[in-house]
4 protein chains.
Amino acid sequence: MSFQNPVFIPGPTNIPEALRKACDMPTIDHRSPLFGQILHPARRGVRQVLKSDTAKVFIFPSTGTGGWETALTNCLSAGDKVLAARNGMFSHRWIDMCQRHGLDVQIVETPWGDGLPADRYEEILTADTSHQIKVVLATHNETATGVKSDIAAVRKALDAAGHPALLFVDGVSSIGSMDFRFDDWSVDVAVAGSQKGFMLPAGLAIVGFSAKAMEATKTAALPRTFFDVHDMAKGYDNNAYPYTPAVGLLNGLNEACTMLLAEGLENVFARHTRIATGVRAAVDAWGLNLCAASPDVYSDTVSAICTPDGFNATDIVTHAAETYGVAFGVGLGEVAGKVFRIGHLGSLTDVMTLSGIATAEMCMVDLGLDIKLGSGVAAAQEFYRLNPAARLQNAA
Amino acid sequence: MSFQNPVFIPGPTNIPEALRKACDMPTIDHRSPLFGQILHPARRGVRQVLKSDTAKVFIFPSTGTGGWETALTNCLSAGDKVLAARNGMFSHRWIDMCQRHGLDVQIVETPWGDGLPADRYEEILTADTSHQIKVVLATHNETATGVKSDIAAVRKALDAAGHPALLFVDGVSSIGSMDFRFDDWSVDVAVAGSQKGFMLPAGLAIVGFSAKAMEATKTAALPRTFFDVHDMAKGYDNNAYPYTPAVGLLNGLNEACTMLLAEGLENVFARHTRIATGVRAAVDAWGLNLCAASPDVYSDTVSAICTPDGFNATDIVTHAAETYGVAFGVGLGEVAGKVFRIGHLGSLTDVMTLSGIATAEMCMVDLGLDIKLGSGVAAAQEFYRLNPAARLQNAA
Amino acid sequence: MSFQNPVFIPGPTNIPEALRKACDMPTIDHRSPLFGQILHPARRGVRQVLKSDTAKVFIFPSTGTGGWETALTNCLSAGDKVLAARNGMFSHRWIDMCQRHGLDVQIVETPWGDGLPADRYEEILTADTSHQIKVVLATHNETATGVKSDIAAVRKALDAAGHPALLFVDGVSSIGSMDFRFDDWSVDVAVAGSQKGFMLPAGLAIVGFSAKAMEATKTAALPRTFFDVHDMAKGYDNNAYPYTPAVGLLNGLNEACTMLLAEGLENVFARHTRIATGVRAAVDAWGLNLCAASPDVYSDTVSAICTPDGFNATDIVTHAAETYGVAFGVGLGEVAGKVFRIGHLGSLTDVMTLSGIATAEMCMVDLGLDIKLGSGVAAAQEFYRLNPAARLQNAA
Amino acid sequence: MSFQNPVFIPGPTNIPEALRKACDMPTIDHRSPLFGQILHPARRGVRQVLKSDTAKVFIFPSTGTGGWETALTNCLSAGDKVLAARNGMFSHRWIDMCQRHGLDVQIVETPWGDGLPADRYEEILTADTSHQIKVVLATHNETATGVKSDIAAVRKALDAAGHPALLFVDGVSSIGSMDFRFDDWSVDVAVAGSQKGFMLPAGLAIVGFSAKAMEATKTAALPRTFFDVHDMAKGYDNNAYPYTPAVGLLNGLNEACTMLLAEGLENVFARHTRIATGVRAAVDAWGLNLCAASPDVYSDTVSAICTPDGFNATDIVTHAAETYGVAFGVGLGEVAGKVFRIGHLGSLTDVMTLSGIATAEMCMVDLGLDIKLGSGVAAAQEFYRLNPAARLQNAA
């Protein structure tokens, strides 16, 4: 097993040294005051990363998928109506989960590559005069297509329709990497995981609940125990969990928030934009297109890159792993075989990114695509050197 | 934060050095063949630890509580009848989970300190001629009272009644430390966690399903997605998970199974019995009693020790933490304040155990109990030296 | 290989978690400014631990023995006269090193168990009217016998004699654990290692040089390159080393100093005295004697314990390792077979110490000594509980 | 402090994950049998890496410089004559060490960029009919100039002259990375360090002594204690050291040898040649020259790259560190400011190397050199993809 090369999957990310050490913790008593000194700062840190003064933050030993289930089961009852657009694999899966929990999902089919259709949401919500729709789902960043959506616009759609539905936002691959505004956007439930913007191993579902979402829990009848936010809240009040917490990961989360906040969230976001722009410069130099339909929806955490018709994009991913020991992401669902993905979130530098771009180039040439070696690298180099990383400039 | 002393809570245990290192892993692509080289051996290892040739093993990024929920939601439908005895906090919580998921639990109230009443089970099952009871719950080791139960007897009760109900066993604090026989006992669902006998950090729910349990999943109507065993099974067939796995913990689990199997399960169990016997010798020397009613139900992973009437046993735990930096377990539920608990499972030696016994003595004397310093230590020393650990003898 | 039990050798000590992590560092460029940010604070930290405002601190990738050689080769020429007392194995070895480097050592044979004979030093120095003696060697803490010496008295001897000889002090097993005053005692060269009071792995020789010692280097003719303090000083001026430094250990040393200074040196010393007093209470309860002749020379970092005539003390050490997996120290040189040693320096708690005492008891009983199990433990428990650790009291 | 990017200094190298974990070890008793289970396999492993059946391997807590001193002080007496060529900073420093130890060095000044002049050695040795020359020094790989020398030719020169001088070879930056044949070349002392081919942190001097060298120790009169090979040998016979060993590093060394030998030494060497050839392709594409005069002396562990007249090559190193967080090596001594160095030894992949090449390109363009971005990367990519790494091909 070789761990020498960085990974370029859209999460889990490369883990910073300090976070590996924060997670690798000896056993402590999770019912002791010591645990509170990890738990509470971690929760406060997450709230700040969410840009919220009010969100109640809950952290489950689980993953983002568990976070979705937390959102649904705590706020809804079987038969409740949910509005959701399907524009990629992850929005698809959340919808699927709704259906498996007996919810009635009104699906807005949306081209994979497009952002969420806020205008369609507004039409539907306006038409729903009896307010049957209890929740609007919004995938902030579709990891499958490399598409970010305008959550502020979704909020505006709700407001314009004067609709009281809750707004649930999947921020798994955006929170901690791209601008996310829990309070400004009046998000009701935000869902994140440890393994993306927080740069930790997978193993935590991280959710923020608004007061309105907490209110909804009182009547929500879907069965829940493991993901019950009230059990969790009661535990937190006693420096504890309703069961055994993943203490090391929580310690890592606390440290991750400290790191992100010390850097400054706007700087973190700018850093992701900068790294992503270099990758996009390479894609452009290769003469390829992103799956994302237009620059306003380009994701800063992952780029899904379309390969020419007749070429199986998945071969790039397989070849990169086998020949160069580098991990990229395959296309999923509708875009399987049509795109490969370069994850560029979390702990990445220019230098690491250039090695990923160089590897993609070699793979494409190896597999017969008409790509000039060094072309994407040169384009990214040019961007990076003309737009040097702020922090290192200051350190000079 | 000091990590110098061992912990004496009944899980998470002290983590062996090799397992800390196995868990502390850089990011790999969890969709690559490399991941399969961790996942499949880990699952095979767990199956061997369960003493099963046939169990389907599923591992969720969760905890034992999530394992309970996995068992219930995959095999049952709302309104289904469940038989369960309540003889401690953990059996109580599993019953509570059943009720919150709309199951109809027939509860056999059992004194806290007793084992499961297999004879009562047999009477009830025999009386259930229409086979309304779908599942019998059995807590193998009640962590709250330090009581182990006879699962073979529960199986015999089912067989004597000719009853087809599924047998679900909570082995969270027994599996990997005390004898557990999935196949011999015809267990249908076994539930474990990473943080007890497997000596890892919390973060994994580990379950084994029998063929009969898998069959039951086909008609089970409780909603489930995160804990769905079919999604998980489909993932495993592709070296993958339905979502992001906790790779480092799985790597640790693989290594933990390798360690346990290399030592030999019977040796592991004997080691736990030996360490536990020393603790019980100390309790006896102190003139105190265990919560466990009789020697046949003494747990080898945790001892709940009764303190004299009028004394708050929880003070021992608080004082040990504050004054000596040592973690014991408090009493829970019915025995809160009446017992304190010494966990003695997983990675422990004579030497570590003696330090825990010595600390308990100091605390009891500090708090005014009539205990002779050194008395419990001497009793345990005498036992340990007359019954030396097999492995070290051989190494001599 | 089991790492479960604490070690009770007189160094290397148990390594605190934070120091293990500080040492376990990825490669950085040791010629970069980053390295200076480790090196210089580490050197400043050591100087504070030495209680010096003026000592020049040099840190070699070596051990305490290399520190001795640094002292000799940088300040002396072949044929130079050195005054030294031999009262244990480590003073013996330093004398041997002198002789192998062609120095003329005037040896004051001193009973093993006694401290340095400051009065004899004074007589000899007073008699040396032509100031042939260039250096006086003083072993602050004889690790072999568990004897500390009064360095202030040695300084007074020099002063009373009006003698200009340099004072070299071996503080390998005292610095960072017992009071050491470089400036107050006008020490000229102090020698320490990373693996004792600094609680790190072995691998660093740490020395402090006075201005007078630096002056002596100008005429010292013993050959030296690796241990040359001028090469080292020149390197430091450029944030560098004359060769490749042990960066991780230096990072650990920096952190170790931070920890010691944050606790407060006097608190560190008091903590060692307290732990040592508990061990001595156990020895007393066993009816045994220390090798150290009288309380004023009792070491707070290691106790050498005499066993009855006709008993081979080394058997205790062998038996403890083989049967209980615990490391004590054997007797060395003149006291080989007559004593065994319990190291009690660095990262230790009451709880860990009690486990060492309990193990020693079991070993002695196993080997037929007339010791009552639990007796030493009880004596130490009584001392520890009546004199609780300051830090934990405050944390309550 | 950021640890995200690989380093490209010519040692210490990037440390493989497995070696970081092997070094990061809890304290064990270095006088216990356990220590022998680390020490002896490590020594045997080193001997195999040296391609020797007979060398006595000694490992000091020190660095390569200490290894030089070990060689000199154990085999020579003040006034002894030594033959050495000076063709770079490291040969210069070893000569300097000789002189500081009172040895009489006949220096063959050799252009920096050339290999060792075996023919001149032969002339001088032939002329030395009275065999005054006791030792011939040979720097196998001049880390300062990226020049490897033909040690077999030096051996032939000695043989042709029928001269009995000992052959000391500095293999610090070759052993474990480039072909080294202790027995075939009749090397008498080989010197290595932990931080190059063994891919560990700095902290070990590793030396191999021939029987002839061991014989020479009997009459060698240079003073030595810390570096005395007889003290060390005596310690080894007792599973011990004459002082405290660096146990974690020795454990790492044992593991490093296991890794190198499992890969196969010829495969290790081929891997280094392959990576180095890619770097040289990039240098060629940039239109720059190596300091090494001709292909037969190109080092496979480090390339010293000449920059145009009037350009300060050190600026590249400074700029790379400050702007891109990447470490290259500066020019030293005669070639200071004229070359910068890319280390390419130890734990490196194509992908990591490409990121170093890409960074060097950006730096050179940033600093005004007429280099085309992507040009060196493309040349290296082309080489790497047409000559894929054997190991990964097989893994496919």
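**Close-up views of a predicted model**

**View 1. F198 sits at the busiest spot of the largest nonpolar core.** Of the 282 residues in that core, F198(A) and F198(B) touch the most other members. This is a predicted model, so keep that in mind for every view here. Zoom in on F198(B) and, leaving aside its neighbours within four places in sequence, you'll find it in contact with L19(B), V46(B), V49(B), I175(B), A192(B), G193(B), I206(B), L253(B), A256(B), C257(B) and L260(B). There's also a second, separate core of 202 residues, and its members include I59(C), A157(C), F182(D) and L332(D).

**View 2. E17(B) reaches residues of chains C and D.** Look for E17(B) in helix 1 of chain B, which covers residues 17–23. Is E17(B) buried or exposed? It counts as buried, because its relative accessibility is 16% and the cut-off for buried is under 20%. Setting aside neighbours within four places in sequence, E17(B) is in contact with F3(C) and R20(C), and also with D24(D) and P26(D).

**View 3. C291 and C306 make no disulfide.** A pair of cysteine sulfurs has to come within 2.5 Å to be called a disulfide, and by this rule the count over all chains is 0. Take C291(A): it is in no disulfide, and the nearest cysteine sulfur, that of C306(A), is 5.1 Å away. C291(A) is buried, with a relative accessible area of 10%. Now hop over to chain B. Why does C306(B) have no bond to C291(B)? Its sulfur is 5.1 Å from that of C291(B), the closest cysteine sulfur, and that's too far for a bond. C306(B) itself is partly exposed, at 25% relative accessible area.

**View 4. Chains A and D are related by a two-fold axis.** Lay chain D on chain A and the RMSD comes out at 0.0 Å, using a turn of 180° and a shift of 0.0 Å along the axis. That combination is just the relation of a two-fold axis. The same surface serves both copies, too: 100% of the contact residues of chain D recur in chain A.

**View 5. An annotated domain in chain A.** UniProt, in an unreviewed entry, places the feature "domain: Aminotransferase class V" at residues 30–330 of chain A. Follow residues 30–330 from one end to the other and the end C-alpha atoms turn out to lie 39 Å apart. As for what it's built from, the span is 42% helix and 18% strand.

Notes: Residues numbered from 1 in each chain as written. Chains lettered and ligands numbered in written order. Predicted model: local features only at pLDDT ≥ 70, side-chain atom pairs only at ≥ 80, totals over all residues. Heavy atoms only, no water. UniProt positions renumbered as here; feature names shortened; annotations may be inferred. Helix = DSSP H or I, 4+ residues; strand = E, 2+ residues; numbered from the N terminus. Buried < 20%, exposed > 50% of the residue type's maximum accessible area, 1.4 Å probe, protein only. Least-squares fit on C-alpha atoms with pLDDT ≥ 70 in both. Contact = heavy atoms within 4.5 Å. Core = buried A, V, L, I, M, F, W, Y, C linked by side-chain atoms within 4.5 Å.
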